[in-house]
Amino acid sequence: MRLSQYLLSTLKEDPADAEIPSHRLMLRAGLIRRVAAGIYTWLPIGLRVVRRIEAILREELDRAGAQEILMPAVQPAELWEESDRWDAYGHLLLRFEDRQGRRFCFGPTHEEVVTDLIRSELKSYRQLPLNVYQIQTKFRDEIRPRFGVMRAREFVMKDAYSFHLDAACLDETYQAMHACYTRVLERIGLEFRPVLADTGEIGGAESHEFHVLADAGEDRIAISDSGAYAANVELATTLPGPEVEPSGAERKKVATPNAHTIDDVAALLKVPVTTTVKTLLVAGHDGPVALVLRGDHELNEIKAAGLPDVESPLQFIPAASIDGVAGCGPGSIGPVGLNVTVIVDHAAAAMPEFVCGANEDGFHLTGVNWARDTPIDGKRVRTADLRNVVEGDPSPDGQGKLTIRRGIEVGHIFKLGSKYSEAMNARVQDQDGNSAPLIMGCYGFGVTRLVGAVIEQCHDERGIIWPDAIAPFQLVIVPLNHLRSERVREVAEKLYRDCREAGIEVLIDDRDERPGVKFADLELIGIPHRIVVGDRALEADEVEYRGRQDAEARRVPLAEVAGFLKQVLAP
């Protein structure tokens, strides 16, 4: 492709509305242009990257035994009403009516449509398992679209759905899709982690997210520094601490006027926050429940809502009602003498002594220990995992300690079970002739989102650094002064023809621009390999080669260019 004839429009300055590197670089490098909030046109160079990602996905999905289909983007309301999601999905669902008043939505996902398809096509267990996928445009009406393609309203997604007779069969496909996503991200050459995750709006049982690690990631990931464990911070588990002996310090009641927060109390008493505990009151099935954490730790609301004593969704006792439970305001609650069920986080239970509220406004207790003052008896007072993990916690798998990284979710796999098949009566005849509900799996991968995630991980101050596997072009040839130098023009054109005949995806920058402009644009758009043809090097029958991340260029004899390129472009 000749750059003089290519629709490429780069920007010298960062767009004012772009907040993160991928958004800035995609606009500056001419990959996308904004049409409306969260809706973009993909220009040729950006679309080439999208298509290369799609090609890798198709190869690996076909290898995993999935079959490609294409379902409609527009879906009738009746299917969503069958699954009880028409209202439950909320404002993310773009709803509209046709000219005859029939209700539709623009699909954000396709569980309903694929279940409707399969219930009419499959009749017997002999047709199972089945795994189908599509690559298609979706729409989710984000309340605040931002970060370019990372949180867009319209996006391209690969979604797959598998159907089984039992959980064991589902697990086989689930593991195959886990391996498939791993191969896709490995082929691209990214640093990533599959992590334990919440099933969210889709529902179901087991779930893993695939995160590309990058500083701009919205999710915090807990990763073992010497093992394979990885999980969202919200789902990462903490381990019980070792049993500790009380220090023997005397318990004292001290005045803490106007100290209503943990930080206020620690500052007033001149003690570290790590020696304090905080007590939170939440609604329980049989009355209020007190949750106790170390002062510097953060309550994990997902874990708390899953406790058998606690109402789900989690509901905190209103400030106006706390006095009736604890005899004080919110800033002075403590576990000592509190006449409710008390659940103590593992880390708080491992403290030999601590500072806590005295259940009297303006006072706290120092020198408190569990054994003497609030015995953990496993009944009214017991321990549980209540908090978010922090850097340095022991890894739950026993392999090293946890580090906290930021990740961008690009893939998510679910074990849906029979959630949709039961609701929509998708059944087959089993081995005994009985009617059985289909067991389902769901596997999503954000194609356009991955483009942004790659750039977040692969860029520098000059622009994008595309991994070879998804680069829009493998090689760019840059002739210098070609409009005035016949030899430069002839050599560059011959190299261009030879590369195309060899099947190399090559771009030639034949624009009438200064070398500095050409080099700046090409580094911005991130072509991995560059050959420069100039009079000075040609005097020695050589050209210059430079990889996108190379510190220096190197000379290559003209006679050896073909073999050299074959070597550096090898997958």
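**Why do we call it that?**

Modeller: Let's start with N481, which sits in the loop between β26 (475-479) and α13 (486-501). Bear in mind that the model is predicted.

Colleague: Okay, why does N481 count as partly exposed?

Modeller: Its relative accessibility is 34%. Buried needs a value under 20% and exposed one over 50%, so a residue in between is called partly exposed. N481 therefore gets that middle label at 34%.

Colleague: And what makes phi of N481 worth a remark?

Modeller: The angle is near 60 degrees, a positive value, and the residue is something other than glycine. N359 has a phi near 60 degrees as well, again positive in a residue other than glycine. You'll find N359 in the loop between β17 (354-357) and β18 (363-368).

Colleague: Why does N359 count as buried?

Modeller: Set its 14% relative accessibility against the cut-off: buried means under 20%, so N359 qualifies.

Colleague: How do you know that helix α1 is mostly covered?

Modeller: Count the residues: α1 runs over residues 21-28, and 7 of its 8 residues are buried. They are P21, S22, H23, L25, M26, L27 and R28.

Colleague: What covers the buried residues of α1?

Modeller: The cover includes β1 (32-36) and β2 (39-42), along with α12 (447-457), β24 (459-460), β25 (463-464) and α14 (515-525). Contact here means heavy atoms within 4.5 Å, so that is the sense in which these elements count as cover. Just after α1 there's also G30, with a positive phi of about 75 degrees.

Colleague: α14 rings a bell. Which lining does α14 supply residues to?

Modeller: That of the largest cavity: α14 and β29 (542-547) each give at least two residues to it. The full lining is L522, E523, I527, P528, R530, R546, G547 and R548.

Colleague: What makes that one a cavity rather than a pocket?

Modeller: A cavity is a space where a 1.4 Å probe fits but cannot get out, whereas a pocket is open. The largest cavity has a volume of about 70 Å³. The search of the whole structure used a limit of 30 Å³ or more and found 1 cavity. At about 70 Å³, the largest cavity clears that limit.

Colleague: And how much space lies in the second largest pocket?

Modeller: About 330 Å³. Its lining has 17 residues, with E243, V244, A349, A350 and I376 nearest the centre. The elements giving two or more residues to that lining are α9 (346-349) and α10 (370-373).

Colleague: Which residues does a cis peptide bond join, and what is omega there?

Modeller: One such bond joins L128 and P129, where omega is about -5 degrees. P129 lies in the loop between α4 (111-121) and β7 (130-139). Another joins S312 and P313, with omega about 5 degrees. P313 belongs to the loop between α7 (301-305) and α8 (319-326).

Colleague: Zooming out, how many helices and strands does the protein have?

Modeller: It has 16 helices and 30 strands, and its C-alpha trace spans about 95 × 70 × 45 Å along the principal axes. Of the 571 residues, 52% are buried.

Colleague: What do the contacts between residues at least 6 apart in sequence look like?

Modeller: Among those, 67% join residues at least 24 apart.

Colleague: And where are the mean positions of the charges?

Modeller: For the 66 positive and 88 negative charges, the mean positions are 4 Å apart. As for the surface, the protein exposes about 26000 Å², with carbon and sulfur atoms supplying 48% of it.

Conventions
Residues numbered from 1 in each chain as written. Predicted model: local features only at pLDDT ≥ 70, side-chain atom pairs only at ≥ 80, totals over all residues. Heavy atoms only, no water. Helix = DSSP H or I, 4+ residues; strand = E, 2+ residues; numbered from the N terminus. Buried < 20%, exposed > 50% of the residue type's maximum accessible area, 1.4 Å probe, protein only. Areas by Shrake-Rupley, 256 points an atom, 1.4 Å probe, with all protein chains shown as cover. Lys, Arg positive; Asp, Glu negative; His and termini not counted. Charge placed at Lys NZ, Arg CZ, Asp CG, Glu CD. 1 Å grid on protein atoms, 1.4 Å probe; cavity = no way out; pocket = protein on both sides within 12 Å on 5 of 7 lines; lining within 4 Å. Points joined across faces, edges and corners; volume = space filled by probe spheres on them.
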